[in-house]
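Subject: Structure handover

Hello,

Here is the structure I promised to pass on. Please open it first, then read my notes below.

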Amino acid sequence: MDIASVIVDVPAKQTDREFDYRIPEKWKQVIKPGMRVIVPFGPRMVQGFVTGLKSKSDFAKLRNIKEPMDLEPILNDELLKLGDWLTKEAMCFKISALQAMLPAAMKAKYEKVINIIEDKKEQLPPLIQKLFGKHDSLSWKDVIEGEHASLFQKEVQNGNLELMYYVKNRLNKKTVRIIKPLLSPEELKEMASTLSGNAKKQQELLQYFIEHPEPVSLKELLEMVNASSGTVKSLVSKGALVELDQEIYRDPYENRVFEKSNPFTLTDEQAAALKPIQEKIKHDEHEVFLLYGVTGSGKTEVYLQAIASVMDKGKEAIMLVPEISLTPQTVKRFKERFGEQVAVMHSGLSVGEKYDEWRKIHRKEVKVVVGARSAVFAPFENLGLVIIDEEHESSYKQEETPRYHARDVAIQRAKSYSCPVILGSATPTLESFARAKKNVYQLLTLSQRMNKNALPAVDIVDMREELRTGNRSMFSELLFTKLKDRLEKGQQAVLMLNKRGHSSFVMCRSCGLVINCPNCDISLTYHRFNDIMKCHYCGFEEGMPSDCPECASEHIRFFGTGTQKVEEELAKILPDARVIRMDVDTTNKKGSHERLLNAFGEGKADILLGTQMIAKGLDFPNITLVGVLSADTMLHLPDFRSSEKTFQLLTQVSGRAGRHQLPGEVVIQTYTPEHYSIELSAMQDYDFFFEREMYLRRQSHYPPYYYVVLITVSHEDLMKTVSVTDKITNYLSSRLNRDSIVLGPVASPISRINNRYRYQCLIKYKREPDLNQHLRTLLEHYQKETAQNHLQISIDLNPQIMM
DNA sequence: AGCACGCCGACT
DNA sequence: GTCGGCGTGCTC
């Protein structure tokens, strides 16, 4: 077995297969499947993943592996298999699938340098010698971008310079410098007596180690003795002390203390839900549970106790939470229950912190991981449970390749380990609920809030009516009255502005011109804090014009309601209210999200104003009012799930009110009060919504009745875009079953991004066993054009967003 | 993806 | 005659 099959880090159609390499004698016992290696590939060096070992290869002229990058496999057999599955499932390159399962820090960094070949320095032209200065190597990038690139190239050909390729880890393990004495206290004392009288600091240092012989970090030592590193160095050279680097973890929760919490007594409903889960855990059986529990029904406690059962068996658990609700509040609950056994993975961590959390899992130092989507790949080897909280959240689907859905990955892994999966939500996706009804998943229901309080009372306000009665503000009479009332009672309110698809655009009041991005077919968004207009798709920026570029009128201004504008209006109508605003602008700094929430929790504000990000996970006892300023902004998006999304969001945000002793109220403002998703969310009637929406989905051949694939074609040339999309549509229609539906070509909802036109083709089908093959054939056919990047074809199986 | 190889036009 | 444009094909 001295040959390794390797997947190389070259994401391209032609290299999307295994390449064989000979394992050098000295690493025969070392190199195993699942390790990263550095291999020669053509003229350069690349990173690769060993996927298998064999003793024979069809290829005659094998090259040697240059060196391993790991000491032990970083992907176990299960994850390697999962990689194969993911490759198929997401129709991506194998290498992309493997890399998606690992923290970004483990992706290779490449460096290309140009070196002087030994003894040849004199033969180089003086100009080149001068550019090298006293160095022996220069970065290739600097050389090729400099003015003398061809001169260098010539010398490479002459054999006086050589090109070298390096593959490195993106990141290293973090270390601290540790100082420890090499000698016994007695010997140190002796040395102290021989030191010259003016070496005062050295004396102090020795004295320190005579009293504390144990190792200490350099930083702490210098602070305690008030010495400089030079002093330490001289004692090191005298052989009294030694410096060494000790590997440490970057701990994002370093300075926080978590108080141990104990399991709560479950309500009857909770206990009834937990029991079947524990049965499956006990017997190591696979099952997917759908835990359907109204907001505030205590799903988290069920999760916590299920995890505890898994840990009692010595197994591990993965807890997935949507990115936006992965707040310190959430993390705290898990750390309080399971202490040091918990690793946390989310996008707020630095690359290094994520890497360290990953290593804690890999080394089996933790038993539980709480994290966002990618934590589903946590390298556990004895997985006992996967939980997906807020199962309906669309952020569980990765929108870049590999376009995987964490729910599918979780189920796949749970099958491998023969362990249960819990999908939890107050508003499950239609797909999941339909499966539960068909007993594909097992349905567990929590129908009551833990405090036995009723769900909050909801009022729907018709904003058209408000307008008719002369109220042109963004607050209805009712919402204003209730806000004032809470202010007087010293209770708290949450206001949500549903901004998606409705941001502030700039329009001329005289001629109606809306200012669009020059590169994309979408209006620019106005940003008040620096008075510029910005494109959210390509990053284009422009100053706000003082008059209309079309008709030169001065009446050009921004429209739409941003959170900033709401804040200003609040200050006018309720000048005494203390408001905390949470949106992308106020939460982009690290930790600001947490700081704002803490401030609100401590009662430092009366009103929390924000976008969708406040809809989830907030759990403060003093919130008795929730206001939704415009419920219907995303109802009219060109997406078959827009009703479902609206229903989910409204139900979730309503659930923020009255979770504890004080009863809650909700005011929903809308221009379409008669829409069923608004009406039914006000009645908190999921079951009826489900029936209604299912009926419509069946009518229009959408999930869960049909599967959907979205193909988006983009090209700089409009005609080319249309014609390729047309060919693709025709190709598929002619090959698919008669009851499958192929729609297109149609322009994408955003028909141009970054000067590339976008067209799409939508496939709806019930059963198409060969669809994957057809799609691969299509990609193959356009491979040349896509490789040159003129043409882009993206295939999204089960898309969550139809743009 | 890179990179070499190779085949044509416009220059010292 | 050579330099350099980028089309083509390969990487164990």
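I started with the contacts to DNA strand B. A polar side-chain atom of Q14 sits 3.5 Å from a base nitrogen of that strand. I call this a polar contact, meaning a pair of N or O atoms within 3.5 Å; within protein, one must be able to donate a hydrogen and the other to accept it, and residues adjacent in sequence count only if both atoms are side-chain atoms.

Some ground rules. This is a predicted model, where local features need pLDDT of at least 70 and side-chain atom pairs count only at pLDDT 80 or more, while totals for chains, interfaces and linings use all residues. Residues are numbered from 1 along each chain as its sequence is written, chains are lettered from A and ligands numbered from 1 in the order in which they are written, and side-chain values use heavy atoms, with hydrogens and water left out.

DNA strand B
Two phosphate contacts come next. K112 places a polar side-chain atom 3.2 Å from a phosphate oxygen. A787 uses a backbone N or O atom, 3.3 Å from a phosphate oxygen. The residues around the strand are V10, P11, A12, Q14, P43, R44, K112, Y165 and A787. Near means that a heavy atom of the residue lies within 4 Å of the molecule or strand. Sugar and phosphate make up 56% of the strand B atoms that come within 4 Å of the protein.

DNA strand C
Here 13 residues surround the strand, and D20, P40, G42, F59 and R63 come nearest. Sugar or phosphate holds 43% of the strand C atoms within 4 Å of the protein; bases hold the rest. The side chain of Y21 has an N or O atom 3.4 Å from a phosphate oxygen. P40 brings a backbone N or O atom to 3.1 Å from a phosphate oxygen. In G42, a polar backbone atom is 3.0 Å from a sugar or linking oxygen. β2 (18-22) and β3 (36-41) each supply at least two residues of this surface. β2 gives the largest share, 3 residues. Strands are DSSP runs (E, at least two residues), numbered from the N terminus.

Cysteines
There are 0 disulfides, a disulfide being a pair of cysteine sulfur atoms within 2.5 Å. For C508, the nearest cysteine sulfur is that of C551, 3.7 Å away. C508 counts as buried (under 20% relative accessible area, 1.4 Å probe, protein chains only; exposed is over 50%, partly exposed in between), because its relative accessibility is 0%. Why is C517 in no bond with C538? The sulfurs are 3.6 Å apart, too far for a bond.

Best wishes

How values were computed:
Helices (H or I, at least four residues) and strands (E, at least two) are DSSP runs, numbered from the N terminus.
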